[in-house]
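Thanks for sharing this one. Here are my notes, written as numbered points so you can follow along with the model open beside you.

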Amino acid sequence: MPEFDNKDITLNYATFGDSSNPALIFSNSLGTSYHMWQPQIDALQNDYFIICYDTRGHGNSSAPRGPYSFDQLGQDVIDLLDYLNIDKAFFCGISMGGMTGQWLAIHHPERFDHLMLCNTAAKIGNEAAWVDRAHLVREQGLDPIAATAAPRWFTADFIDHYPDVVAALSSALAAGSSEGYASCCDALSVADTREQLQNIRVPVTVVAGIEDPVTTVADGQYIVDHIPSAKLATINASHISNIEQPEALNEYIKYYLQ
């Protein structure tokens, strides 16, 4: 797969579809890779020029010692778009990727036609919990996190009916970079856009999972209430909604990102 050497990191990325189509960049959640977007790649690559990348510290991107910040995570997206000579794009990010999207909407609105922020919040969790998780991962690796990820990611019904999908994602999490994961926890521990949302003027759609225990519908509604003209769409899923309900999310993308 192609790689982009940028400053202190190497970003692993892939593109799909015709480059003359509208560009759409996807940003993964904590503990996953760009492969989480395969249901969207399969369904949408005839309509968009799709760019997927592994967030620093994830997948096959490098994992320099942290802590990381969303200034870095967001700038990685801008630098990748520059590298690919893309002036303007659509954006879809989930969870941590949705926080990256908020940073982009605040700091680089001119680069985006519309941002879709899935299963995210203006402040995800609390600082102490993220600091504790980063410490755990640096001390014990990712196995303890991977062993308990499924109930945070998916509904019990999905876990029962798609055990192979859940097992594959959990295994990929366990095999990831402990330092990269912990350093993104560091970024999430201090990330808070609540005071900046009111300044966003680029079109935004927030997708919230009805059964998401991590970033709730109320979290999504908060973002929408504080961004002028933002819209809320709900999806009958837990936290990794693009995998649990791919057809529903694909339809939202086609409806809103045009």
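**Notes on the predicted model**

1. Let me start with the surroundings of helix 9. Among the elements that cover its buried residues are helix 2 (70-83), helix 3, helix 4 (127-140), helix 5 (143-147) and helix 8 (163-174). Please keep in mind throughout that this is a predicted model.

2. Helix 9 itself spans residues 178-190. Its 13 residues reach 19 Å from the first C-alpha to the last, close to the 18 Å expected at 1.5 Å a residue. Because eleven of the 13 residues are buried, helix 9 is largely enclosed by the rest of the structure. The buried set is Glu 179, Gly 180, Tyr 181, Ala 182, Ser 183, Cys 184, Cys 185, Asp 186, Ala 187, Leu 188 and Ser 189.

3. Two members of helix 9 turn up again in the surroundings of Phe 70. Leaving aside neighbours within four places in sequence, Phe 70 is in contact with Ala 187 and Leu 188, and also with Gln 75, Met 96, Met 99, Thr 100, Trp 103 and Ala 191. Phe 70 is also one of the residues that touch the most other members of the largest nonpolar core, which has 88 residues. The others named there are Ile 25, Phe 26, Trp 37, Phe 112, Met 116 and Ile 253.

4. Now to the sheet: is strand 5 (residues 89-94) mostly covered or mostly open? It is mostly covered, with six of its six residues buried. Ala 89, Phe 91 and Gly 93 lie on one side and Phe 90, Cys 92 and Ile 94 on the other, and both faces are covered.

5. Strand 5 has two parallel partners to look at. Four bridges join it to strand 3 (residues 23-27), where Ser 27 stands opposite Gly 93. Six bridges join strand 5 to strand 6 (residues 112-118), and here Phe 90 stands opposite His 114. From strand 5 the chain passes through helix 3 (residues 96-107) to strand 6, making a right-handed β-α-β crossover.

6. A last point, on the cysteines: how many disulfides are there? With a cut-off of 2.5 Å between sulfur atoms, the count is zero. For Cys 118, the nearest cysteine sulfur is that of Cys 92, 3.8 Å away, and Cys 118 is in no disulfide. Cys 118 counts as buried because its relative accessibility is 0%. Cys 185 is likewise in no disulfide, and the sulfur of Cys 184, the nearest, is 7.5 Å away. Cys 185 is buried too, with a relative accessible area of 0%.

Methods: Residues numbered from 1 in each chain as written. Predicted model: local features only at pLDDT ≥ 70, side-chain atom pairs only at ≥ 80, totals over all residues. Heavy atoms only, no water. Buried < 20%, exposed > 50% of the residue type's maximum accessible area, 1.4 Å probe, protein only. Core = buried A, V, L, I, M, F, W, Y, C linked by side-chain atoms within 4.5 Å. Contact = heavy atoms within 4.5 Å. Pairing = 2+ DSSP bridges. Right-handed = clockwise from strand over helix to strand, strands pointing away. Expected span 1.5 Å × (residues − 1).
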